[in-house]
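Trainee: Could you take me through this structure and hold each term against its definition as we go?

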Amino acid sequence: MKFGTKAIHAGQEPDPSTGAIMTPIYQTSTYWQKSPGDNKGFEYSRGTNPTRKALESCLAALENAKHGLAFSSGMGATDAVMKLLSPGDEVITGDDLYGGSYRIFTKIFSNYGIKFHFINMNDAQNVKQYVNQNTKLIWIETPTNPTMQIVDIEAVSVIAKANNILLAVDNTFASPYLQNPIDLGADIVMHSVTKYLGGHSDVVMGALMLNDDDLYKRLWFIYNACGATPGPMDSFLVLRGLKTLHLRMKAHCENGRQIAAYLKTHPKVDKIYWPGFTDHPNHDIAKKQMRDFGGMISITLKGADLKETFRVASSFKVFSLAESLGGVESLINHPVSMTHGSIPKAERDKVGVTDNLLRLSVGVEDIEDLLDDLKQALS
Ligand SMILES: *Cc1c(COP(=O)(O)O)cnc(C)c1O
């Protein structure tokens with residue numbers, strides 16, 4: 001099946017008891033057993049729930065994976081992957097990560113004896129010099145948040161496989177519509193489902209997709225034992241959101257392309273970060289591993305201090321100033337004071353997350369209204 005058909009149908013059959021086309025919201029914590037152990041495969045909703053199961057099958061199908069696991073947030077999903085590790089293990093990851101990922105690595109898992117290397121991955125070969133016998137996981141985010149750097153997933157996977165290291169990719173920014181890391185050699189794909197997959201800014205959820213049966217068993221054990229699993233109502237909302245993922249992504253990419261082109265020559269814009277430009281440092285890799293370039297764009301404002309940046313960020317009428325991304329509505333975000341506040345200034349400066357940086361999540365509104373809004377806000 002092709003992508004759009006999977007987004008609408010994968011994991012979903014008409015309900016056997018009523019014929020309902022939409023998967024019912026099985027709002028139950030527990031399930032009747034005829035005699036102990038004699039049940040229909042559902043015992044307790046922390047571990048299994050039919051609405052969530054349908055969603056997990058659909059999520060797996062979209063990433064060309066065998067298994068899917070839904071979590072109550074993206075961070076819950078990341079937390080589960082990290083719990084595969086033991087004290088003494090080392091992780092290689094990027095130096096331009098989602099702030100919450102950086103926070104859980106440095107403030108939680110560092111305390112459990114896990115060592116993290118935050119490195120520049122623009123050249124995948126950089127990874128090699130940090131590999132040693134304790135390296136158990138490589139964690140990639142691409143495109144990165146917020147400076148839209150591109151990591152060559154396939155090249156990193158070659159290094160990971162040669163050294164028997166797990167490779168996990170946070171695919172939140174691209175969504176499975178634009179990029180499928182498992183096809184490029186990743187072992188685990190992580191999503192903040194909150195963003196493009198849910199798509200309507202009404203659910204917080206995470207997911208892991210993977211192929212290996214043993215790894216799935218280990219992750220399912222963590223999922224059930226630690227319990228960060230989402231409820232049936234949220235699972236239903238995401239199943240509904242997924243049905244238009246391909247249509248929404250097409251519109252995000254088209255609007256993104258037009259807005260990137262408009263901002264590129266705008267006199268108030270200094271730097272612009274969007275992987276679709278041919279002069280983006282890793283444009284060729286983006287072209288190779290992504291099907292299009294998405295609707296996430298970051299800019300720096302020419303000569304603007306924090307006060308002026310705040311003024312611009314607060315003057316939009318169609319874009320909303322808010323954290324998060326990937327919903328149908330356009331959002332504008334000031335990473336330094338919002339999503340990336342938990343990263344120390346010295347680290348932020350190193351990767352260009354400066355006071356005058358704004359990140360746009362281009363929604364699917366009519367392009368004329370979005371361009372007019374940018375024009376007035378940047379005037
Ligand atoms: C939002 C986000 C996360 C965290 O997901 P939550 O659903 O907010 O817990 C992780 N990675 C990226 C790239 C994100 O944008």
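**One helix and the ligand shell**

Mentor: In helix α7, the residues L215, L219, I222 and Y223 are buried, a word that stands for under 20% relative accessible area, with exposed for over 50% and partly exposed in between (1.4 Å probe, protein chains only). This is a predicted model, in which local features need pLDDT of at least 70, side-chain atom pairs count only at pLDDT 80 or more, and totals for chains, interfaces and linings use all residues. Residues are numbered from 1 along each chain as its sequence is written, and side-chain values use heavy atoms, with hydrogens and water left out.

Trainee: Why are the buried residues of α7 said to line one face of the helix?

Mentor: Seen down the axis of α7, they fall within an arc of 100°, taken over the directions from the helix axis to the C-beta atoms, so they line one face. The face turned away from that buried side carries the exposed residues D214, K217, F221 and A225.

Trainee: What makes the D170 pair with the ligand a polar contact?

Mentor: A polar contact is a pair of N or O atoms within 3.5 Å, and a ligand nitrogen atom is 2.7 Å from an N or O atom in the side chain of D170, so the pair meets the definition. For S192, the distance from a side-chain N or O atom to an oxygen atom of the ligand is 2.8 Å, and a polar side-chain atom of T194 lies 2.7 Å from a ligand oxygen atom.

Terms used: Polar contact = N/O pair within 3.5 Å; in protein donor to acceptor, adjacent residues only side chain to side chain. Helix = DSSP H or I, 4+ residues; strand = E, 2+ residues; numbered from the N terminus.
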